Amino acid sequence: MTTFFRRLNLLRQRSLLSLRLLAWVLIFSLAFTFISSAIQLYSDYRKELTQITARMQAVESSDSSGLARSLWALDQKLLQIQLEGILSLPDIVHLRLAIEPSSELVIGEIPRGVATIVHSFELVHVEGDEFKLGRLTITADLARVNQDMKRRVGIILATQFLQTLFISILIIWIFRFFVTRHLTTMADYAREFSIHNLKRPLTLNRPDTPSRRQDELGQVTDAINQMRERLNQDIARQEQDALEIQKFSQAIEQSPSSVIICDRQWHIEFVNQKFSQLTGHSALSIIGKHPGSLGSDNSDNREAEKLWKSIRLQVQRVGVWQGEVTSARRNGERFWEQLIVTPIKDAKADTTGFLILGEDISIRKRYERQLLRQANYDILTGLPNRMLALDRLKLALAQARRESTEVGVMFLDLDNFKHVNDTLGHDAGDTLLIEAARRISSCLRGSSTVARLGGDEFLVILPGLQSAEVSSQVAERILKTFSMPYQLNSHEVYVTTSIGIAAFPADSDNSGELMQHADAAMYQAKRKGKSDYVHFSPEMSEISHERLQLESRLRRALQQEEFELFYQPIVNTSNGNLLAAEALLRWNNPEIGQVMPDRFIPLAEETGLITAIGEWVIQQACQNAVAWKNQLGRDIGISVNVSPRQFRAAGFVTSVMDALSSSGLAAEFLELEITERLILDNSIETAQILQELDEHGVRLSVDDFGTGYSALSFLKSFPFDTLKIDKSFVQDVLKDPDDAVLVSAIINMAHSMGLRLIAEGVEEEEQVQFLQKAGCDCAQGYFYSRPLPAIEFSQWLDSYTSH
């Protein structure tokens, strides 16, 4: 009877242990389930919010500049299209564009009673300074996110609870049948275990088979029977195995690439955390699915099937597939992904599954698109560049041959652009080019192309014309748009354009020749007086060819020492003493002979060669002036003409001072002659350069004074020393009373301002006498000497001074 009650009590204790174990399993399983589910739900919720926020920030980074340009250009239609494109993005429901100073544009509607996320940013247009144009406020609602989270919470809680309950009960039953009862036997054996009964083996109430002797209970029994040595060995081995598994798991989870493991039928068995971050799919939601079905809609299914069929075939044949594909995230967003697919083989080399490694390459693809655009489009204006324009011209010619139509090619060059660029700065020049590109584009139809070839040159392609008159009409519209002024740095500037036109097939059937002919016609338009258009004619090719040859020879002239300086004396009119000499540039080419300055100086100005040529002239003139000083024993001044482009070139003052330093000429014996056109610019840059030269002691002169009489009002602002009266007035002082009065007035006004006068073009003694009576300080002209080379001028000095 006592034995019965003891066993009954023992059974109750065993049941309590199982129930307690069941309770703890349920508690911890449910707690872990709820916590992990809550963490996952919260993580998914935050991920959704992050994606919405990132989408709005992406709108700021990608669309702010485009919206600012549209708002700056007052292009309401493009602005509306851009805003509607933003509104079409997922979750974005409301846009409010506050336009400076007091207007706004609202698109969409904010739903009531729904949580929202708001993001706003400034729209700024940068043109040297920043111009605040407005502020765009983007509102996104969270209705979809909240609804999705509610649905997932119910499903996850219900399924996890039932699953946990069933598994817990099953575990307890299995544990009771296979473990607990045998543990009781082991406990009883342990209670009775002593040093006196070591020979009695531990036996369990189960069939004694070889397989059972090798299981965990058998191993524990052997461990007890063989003391702690075998047990310690088993524990050490298990710890080592657990460490290796942990390292392998961490390597996959921390991999920078997404990892998918599929079975032999391409059903997903495992994905790592990087895959979930990349695609938005949780591991639980895609287990058992085919990787090609993720994120695909009906329109993509067929393409996805073709792709994965190709992948399967190549993996079977080659053993690996690698390529770039467009994949979809859970929210439908498309992105570029590089995939590597390899089979997983067992020890017998049989395929047991497939490993898919993925990497997001969207940024690299975006950079590739940017590089492609930079290779085909002008960065400043956004127009096609020369390479893309040539491609479009070739396509237009091919289409015209098929359809028997004409193609117009227009070559445009802005008039006096370099003058604006040098006077107002490069930022103003860039603004002018952008506005010019916009004006040209506004005159064209949709199928036409306007491209920037470089600098201030533009190309217009007019395909599918029925007659050449259409080109003339387009040219007239362009000239009309250029008649309006430009606003550049608070300056109102008028810039026109010269247009050359060539037509296919009348002028040529070759794209390169058409552009050359249009270029030649454009130069003819400039020679006609600018702000005009000219159609190509055959005789223009010869003129254009001569100009190219002249430019080519001019580029080699300085290196091959083809330039030479001639000198003309400047004499004191009262006593005839020699005061200085003016350096005059001459070009003697071995092939074409003597080239007149009025022919090559404008070309040098246009090509920028005038800067290097001008530096050589100043250097050479200073050296000759020092040589004359050594020859005569007294200082002789030297006067050098300076072109506007040379004057504004970077480092001009430094080059002048270097010439004086290397030659040894004192600064007060160098006089730089500036044109009236440069004075009339009245820019801060011009004033600073003149002031700096004056501080170094260099004398300054206004050349050809009288042709721009209004420049007198600026003379008080600049530190000039001398005025040179233009020869056109001096030549007729004896014949035309008006010229005589004008010259006398210039002399009187200049003296009242403390300036010295030099009269140019003096050829007769009577003119000298007139100038003496009028009080003119100096004279220059054929009456004293023609311009002479340096050697002959040195000889003239000896004879003149001795005379």
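A residue is termed exposed when its relative accessible area is over 50% and buried when that area is under 20%. The structure described here is a predicted model, and the terms above are applied to its 803 residues, of which 42% count as buried.

Confidence was considered before the details of the fold. The mean pLDDT of the protein chain is 81, and 86% of the residues reach a score of at least 70. Helix α6, spanning residues 227-253, is where confidence is lowest, with a mean of 62. Within residues 228-232, the pLDDT falls below 50, and this stretch makes two contacts in the model beyond near neighbours in sequence. Confidence is highest in strand β25, residues 778-779, at 94.

The protein chain comprises 26 helices and 26 strands. Among its contacts with a separation of 6 or more, 61% link residues that lie 24 or more positions apart. The surface exposed by the protein chain amounts to about 44,300 Å², and 54% of this area is supplied by carbon and sulfur atoms.

One feature of that surface is a nonpolar patch of about 840 Å², to which F166, I167, L170, I171, W173, I174, F175, F177 and L183 contribute. Of these residues, W173 is placed in helix α3, which covers residues 143-192. The relative accessibility of W173 is 53%; because the cut-off for exposure is over 50%, W173 counts as exposed. The tryptophan at position 173 is thus both an exposed residue and a member of the nonpolar surface patch.

Technical notes. Residues numbered from 1 in each chain as written. Predicted model: local features only at pLDDT ≥ 70, side-chain atom pairs only at ≥ 80, totals over all residues. Heavy atoms only, no water. pLDDT = per-residue confidence, 0-100. Helix = DSSP H or I, 4+ residues; strand = E, 2+ residues; numbered from the N terminus. Contact = heavy atoms within 4.5 Å. Patch = residues over 30% accessible without salt bridge, like charges linked within 9 Å, V, L, I, M, F, W, Y side chains within 5 Å. Areas by Shrake-Rupley, 256 points an atom, 1.4 Å probe, with all protein chains shown as cover. Salt bridge = Lys/Arg side-chain N within 4 Å of Asp/Glu carboxyl O. Buried < 20%, exposed > 50% of the residue type's maximum accessible area, 1.4 Å probe, protein only.
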